[in-house]
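Work through the exercises below with the model open beside you. Try each task before you read its solution.

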Amino acid sequence: MRNLFIFGVLFFAFSANAQIAANNVTSIKISNESSLLIQTNEFDLELIPMSNSNSIDYLEFSYFPKNNKEKWHHSYTIFHEKRMELLKNRGLKFQKVQGGNSNTTELYFIGNYIIEIEKQPYNIVVREINISQSTKELSNQYFNSNVILRDYANLNWINEDHKISKNFELMEDKYIGLGEKTGPVNRKGNAYTMWNSDVPAYGLEQDPLYVSIPFYIGVNNHNSYGIYVDHSCKSYFNFGAACNFTSISVEDDHLRYYLILGNNTAEIAKKYRNLTGHTPLPPKWSLGFHQSRWSYKSQDEVMSLAAEFKKKNMPVDAIHLDIHYMDACKVFTFNQQQFKNPKLMVDELKNNGINIITILDPGIKIEKGYQAYDNALKNDLFLKYPNGQNYEAGVWPGLCAFPDFTNPKARKWWSESVKFYTDLGISGLWNDMNEPAAWGKEVPTYIRFNREGHISNLTQNRNIYGMQMARATREGAETLLQKRVFTLTRAGFAGIQRYAAVWTGDNVASDEHMMLSFKLLTNMSLCGVDLVGADVGGFMNPATPELFTRWMSAAAFTPFYRAHKMIDMPQSEPWCYGDIHTEINRYYMQLRYRLMPYLYATMQNNEFPALKSMAYFQELSEQNHENGFNDKFESQFILGNSILVAPAKSTQKSTEVYLPKVPKSNKWYSLHSDIQYAANQKYYVASPLSQLPIFVKAGSVIPEIIPQKIENTQSKTDTLNFHVYYSEMGDYEGYFYDDDGISLKTTNSPCVSIQITGKPMSQEIEFNINKIGNFNFHYKVLKFIMHGLPQTNVNQIDDSPKPRIMRINNQQFVAPSANVVESYRPHFALQQDLYKVDKIDKTANPNYIFHVNCPNSSFKLTIE
Ligand code: GLC
């Protein structure tokens, strides 16, 4: 009884206290620059509309608690210039809606949105209205309008324990995003932490991993939205786990996030890229196969490894040198006993089309006389304790100090030091252990970072450290070499795509890890990071031959393709698993190189994610949309717009796949057999090791090359194939892009692109060729390979199939009819100068060879 009484008193006191703390709005103003300034008892909020186009694309919310006098926000993701560019569109103005009870609520229009501000207590709702409105019409429209985002009642703002939390109603069924995160694709019911961590052999559900990307999409069939939280401090996301609201929390003294407005996942993903940057076109060689292990320990070993690839007739473009290439693990050195002449090695390999990539760890060995250490010490570039003493911890070389990459001076020093590698002809640099890692141990939070002159601690800076290391490496190498370089990183933050490719760290050789890897990759790509890959075969533990082979085949369709293995493990090159496996590995490695024109074009056309999960298209498959989130299909992915890969576990001989509805198409073809499947359905398909389930969207036009010998990305052929996957909808799409593969790209760089589009409901496919500068388009023959061309009408007289007519512009020819023999793929080709068809060469029926004019302008392919 007594206890009850005490509880009652406490409860009363607590609720009375909660009421006193009510966070009421004290003023709302539209500023000259067209932002909305809202003041409450607890904070000042500035709401700023931003645009990349003519309409509103983003709403920036900046909350500063009353006690925050400095109002300083630094973003390593959205630089000042970028923000200014997005602010340029001053046509966007808030307009107050008159009427109503403005004591309790005020309404403001901005573009097609209404901001509804409840005042006692503060609460904000963003709604979309569909048509241009006048104030008079507001009442009806307003009540019919869609709520995009609604604050969670009067529990929407908590500022406690050095952490600010903002809570929203848990309105959506689906939340996707957050980059490199394990767990279900749909984040609802789960909570996540953004805290870059060194997590060897991480668990299948482990959180956090190495990369933090505080961006997610609330998926809704009518109006999805994105939230990007622009804080690199430790932060937390909760989608109704142990609470009934959505919550973002930052360990910072203020809160800035962007509400990204758009209709569907694709639109929001695109706008997120516009905000945080695109993955630059990598050097073409970096899209080839990479071979790595911890470590190839000598020059001889590296040279014979390269020779072995040739002998085994397996393509390779890069060999990675892990920590043993260094002298005692000291960055910016080579072990001179084991690598007698690194320059010679690099040059010789390069002459054979193979690039060396060296690992760089941030930990600098504390050793007097070691140039890098002496230099950084002299210039005061290391992370520090509050008393000014350098922070020191153990990593591979022993006790190390760590450059402070949030200090512009340290970045400059590091960028210049990279000359050690570029002088040797190395243009591939692998940034590791940059969480930063200290033997997996907790680093003290009170370490001081410069943060562009605003000294702050680990909580503020850990998540940004790896990205700033990658930035310094990338900028250094690019400036020194004046060509495209390849940089790889383990740790990163939102925007990392601008500086480096990312791999998913120390995974394990298991089917579960393989399946997880594809999910991590599509998630990263959704969040802007396209050049991604996992350690193929699994880093830790030996792989079974089946696992290695399955992983090699599925990863052949991921942008960064590298086999890597931990120290003390058996050899794990693609020929180490027995003849049959070698054969299958070779086939898929070569298939990747055959599809290199498709992959390169995908990486160049970087507006949308290069890898897409099934959830990406869920808005299109309304009645079946649960399949997009079904964990059975979470590892499936689409590379570019056309090729869907359904990784199956290594022992699985048949696999259930889900072929989603995607734009402009209603069916899929098996890549292996051309069998057609209606979209928006599930199927069981055969998945023996030799035959990974791969599908191509109907209406795709896919460029392919088949050099006689495929050794690396420099292997060439005269013939460029276009695989045309027949679609009765007529809505064809395809893209080809080529340049010299290495020069830094500007808008005028010599290149050629071919935009391939079909007219809906016709069978007219336009090939629009755009050549810039003096680019040498070396292909002499363009060959068209028709897939799924339906049987033509039957000839009345003798029942034989009537031949199909195809035309290139006005030149007519007879196309071979399909389905004559199973696996028979009718094809025809255009030779040399495109356009004017001079001659039809039927000698090699069913190959129709066309002699045409130079591919300088466009042509039309018609199927009748
Ligand atoms: C880290 C990396 C791994 C590398 C090893 C040795 O564990 O994640 O890829 O092989 O360090 O450098």
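Buried means under 20% relative accessible area, exposed means over 50%, and partly exposed lies in between (1.4 Å probe, protein chains only). The model is predicted, so local features need pLDDT of at least 70 and side-chain atom pairs count only at pLDDT 80 or more, while totals for chains, interfaces and linings use all residues. Residues are numbered from 1 along each chain as its sequence is written, and side-chain values use heavy atoms, with hydrogens and water left out.

**Exercise 1. Decide whether Glu-634 is buried or exposed, and list its contacts.**

Step 1. Find the residue. Glu-634 sits in the loop between strand 33 (611-612) and strand 34 (637-639). Helices (H or I, at least four residues) and strands (E, at least two) are DSSP runs, numbered from the N terminus.

Step 2. Apply the cut-off. The relative accessible area of Glu-634 is 7%, so it is buried.

Step 3. List the contacts, meaning heavy atoms within 4.5 Å. Residues up to four places away in sequence are not counted, and Glu-634 then touches Pro-184, Val-185, Lys-519 and Phe-629.

**Exercise 2. Find the side-chain partner of Glu-704.**

Step 1. Glu-704 lies in strand 41 (residues 700-704). Its relative accessibility is 3%, so Glu-704 is buried.

Step 2. Set aside neighbours within four places in sequence. Glu-704 then contacts Arg-594, Leu-595, Pro-597, Thr-719, Leu-720, Asn-721 and His-723.

Step 3. Look for a polar contact: a pair of N or O atoms within 3.5 Å; within protein, one must be able to donate a hydrogen and the other to accept it, and residues adjacent in sequence count only if both atoms are side-chain atoms. The side chains of Glu-704 and Arg-594 make one, at 2.7 Å.

**Exercise 3. Place Arg-451 and find what its side chain pairs with.**

Step 1. Arg-451 is in the loop between strand 26 (428-431) and helix 10 (458-481). At 7% relative accessibility, Arg-451 is buried.

Step 2. Beyond four places in sequence, its contacts include Trp-72, His-74, Tyr-76 and Asn-461.

Step 3. The side chains of Arg-451 and Asn-461 are joined by a polar contact of 2.8 Å.

Step 4. Check a C-alpha separation. Pro-408 is 43 residues from Arg-451 along the chain, and their C-alpha atoms are 8.5 Å apart.

**Exercise 4. Describe the surroundings of the ligand.**

Step 1. A residue is near a molecule if one of its heavy atoms lies within 4 Å of it. There are 13 residues around the ligand, and Asp-322, Asp-432, Arg-490, Asp-506 and His-564 come nearest.

Step 2. Take the distances from a ligand oxygen to a side-chain N or O atom. They are 2.5 Å for Asp-322, 2.8 Å for Arg-490 and 2.9 Å for His-564.

Step 3. Add the cover. On its own the ligand has 310 Å² of accessible area (Shrake-Rupley method, 1.4 Å probe). The protein covers 97% of this area.

**Exercise 5. Explain why helix 12 counts as largely enclosed.**

Step 1. Helix 12 spans residues 545-555. Its buried residues include Leu-547, Phe-548, Arg-550 and Trp-551.

Step 2. Nine of its 11 residues are buried, so helix 12 is largely enclosed by the rest of the structure.

Step 3. Set this against the whole protein: buried residues make up 61% of its 864 residues.
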